[in-house]
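Morning, everyone. Here is the structure for today, and I'll take it in three short stops.

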Amino acid sequence: MTSTPFSLLMHLVGDARQAELFSPAEAVESWLAAERALALAQGELGIISRGDAQAIARAAVPANIDPDRLWASARNVGYPILGVVREIAAVLPEGANGRVHYGATTQDIMDTGLALQLQRSLRLLDEDLERLGDRLAEQVLAHSETIMAGRTHAQQAVPTTFGATLATMLNQFTRQRERIAQALPRIAVISMFGAGGTSAAYGPQSAVLRTRVAELLGLEDTDVPWHVERDSLAEFGWLCVTITASCAKFARNIVDLSRTEIAEVFEPYTPHRGASSTMPQKVNPISSELVIGLSGTAGALASSLARIQEAGHERSAGEWQIEWQVIPQLASLAGSALRETLVIVDGMRVDADRMRRNMELDGGLVLAEAQMIQLADKVGREDAHDLLYAASTRARETGTVLSEALRAVAAEQGMSELLPESLVQARDYLGEADSICKTAVSIWHSHTPLQAACPPIADLATAPSGAEGDPA
């Protein structure tokens with residue numbers, strides 16, 4: 001087989017579990033499971049004999065597949081299932097060897113196998129989200145009172161807490177878990193409809209057969225074919241894309257907050273982590289950079305998701321092959337982004353003192369809105385806005401702090417008596433920051449987890465050993 005190009009990004013941070021799930025061996029395993037389930041269900045319904053069904057189920061195992069022959073056949077045919085069927089049939093006795101893949105078409109087996117992989121991929125992503133969210137929830141509560149400057153348009157805006165900024169991120173990850181739970185039954189769906197989608201070759205029991213195959217494999221049943229309806233595949237891909245984007249949003253904030261001029265939040269530290277080959281002082285935000293790279297790559301692949309939905313008539317003519325490339329990549333990118341984001345969250349270093357000092361960098365202008373609202377009750381919002389605007393301008397021009405400039409401007413305008421003795425401070429202007437933290441954490445922990453984990457694909461639709469119909 002031709003090896004894939006070396007990817008430094010995935011070599012450094014690739015998710016081994018997603019990579020294994022979409023490996024050649026696991027792809028073959030998923031196709032074999034589909035063939036086993038089809039044969040066993042046909043045996044139960046009397047479409048083929050039980051002996052033949054059990055013999056097929058025992059023969060449809062990786063040990064009976066010669067990878068070199070299989071992939072040579074796949075390159076010649078363009079698809080792998082003809083080779084899979086012949087590998088199985090080759091170890092069966094006469095009679096049983098003519099019942100393998102009975103009524104099925106290549107896409108039935110490949111789509112059913114893919115559904116098994118995607119089902120497990122989504123569960124892996126959900127597990128990673130759970131670990132990440134649980135740790136992030138701890139950080140939200142730990143920093144619910146850590147005061148910092150909220151930033152709009154990259155400039156200091158109003159006071160907030162670091163916990164409140166993390167809470168919005170936690171809520172986003174909550175929604176990602178909800179999306180996975182909602183999408184799972186639309187994605188993990190059986191595909192057994194034959195060559196043209198009519199199930200004609202499966203015979204009069206086709207619907208019952210399909211239901212039983214779905215039960216044996218733990219997939220959702222359907223009575224409508226989806227050979228060329230790839231919106232669910234596109235949904236899976238987009239889920240992966242938007243999960244990596246959530247991670248990148250968090251990583252981008254870490255990059256910005258760790259800038260030398262800001263220096264409020266940093267990635268975990270170990271000796272030489274993020275070191276430069278020439279500048280000894282550097283501690284680069286390497287995990288955040290990796291996450292942003294993963295997300296940017298996933299975003300670029302997202303354009304292919306609309307293309308796979310263009311498959312026409314009853315079988316695609318090239319759109320299917322796009323999936324073969326991008327779906328495994330997107331799953332791996334999403335898993336990798338989640339796991340690297342957990343590295344950041346778990347060891348994140350927060351400088352609360354620097355956060356407080358940074359709020360005074362601009363002469364306390366971060367409190368302009370707070371002091372405007374404080375005065376609005378007496379002078380009206382617009383007059384208060386004008387007064388604070390003039391005071392903010394004065395503070396910048398003279399290099400003084402806002403409170404001093406405000407009192408000077410108010411005196412010039414004959415409004416000194418309207419100023420309170422004590423102007424509002426950051427700790428007094430946090431609004432719902434604390435409740436936002438608590439609510440986000442509560443919502444996170446109230447999420448209903450997915451049902452029990454799926455068994456290994458190799459354990460699906462197996463026949464007892466030594467029963468009637470053993471291969472010769």
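How many residues lie between β1 and β2 in their hairpin? Two. Before I go on, keep in mind that this is a predicted model. In that turn, look at H153: its phi is positive, about 55°.

Now the strands themselves. β1 covers residues 147-152, and β2 covers residues 155-161. They run antiparallel, and five bridges join them. For one facing pair, take I147, which stands opposite T161 in β2.

Second stop, the cysteines. How many disulfides does the model have? The count is zero. A quick reminder of the chemistry: a disulfide is a covalent bond between the sulfur atoms of two cysteines. To be counted here, the two sulfurs must be within 2.5 Å. Start from C240. Its closest cysteine sulfur is in C247, and that is 11 Å away, so a bond is ruled out by distance. Turn it around and start from C247. The closest cysteine sulfur is in C240, again at 11 Å, too far for a bond. Are these two cysteines buried or exposed? C240 is buried, at 0% relative accessibility. C247 is buried too, also at 0%.

Last stop, an arginine. R177 is in helix α8, which spans residues 162-187. Its relative accessible area is 3%, so R177 counts as buried. What does R177 touch, once we set aside neighbours within four places in sequence? Two acidic residues are on the list, D126 and E130. L129 is there as well. So are W444 and H447.

That's my tour. Questions, please.

Note on methods: Residues are numbered from 1 along each chain as its sequence is written. This is a predicted model: local features need pLDDT of at least 70, side-chain atom pairs count only at pLDDT 80 or more; totals for chains, interfaces and linings use all residues. Side-chain values use heavy atoms; hydrogens and water are left out. Two strands pair if DSSP finds at least two bridges between them. Helices (H or I, at least four residues) and strands (E, at least two) are DSSP runs, numbered from the N terminus. Buried means under 20% relative accessible area, exposed over 50%, partly exposed in between (1.4 Å probe, protein chains only). Contact means heavy atoms within 4.5 Å.
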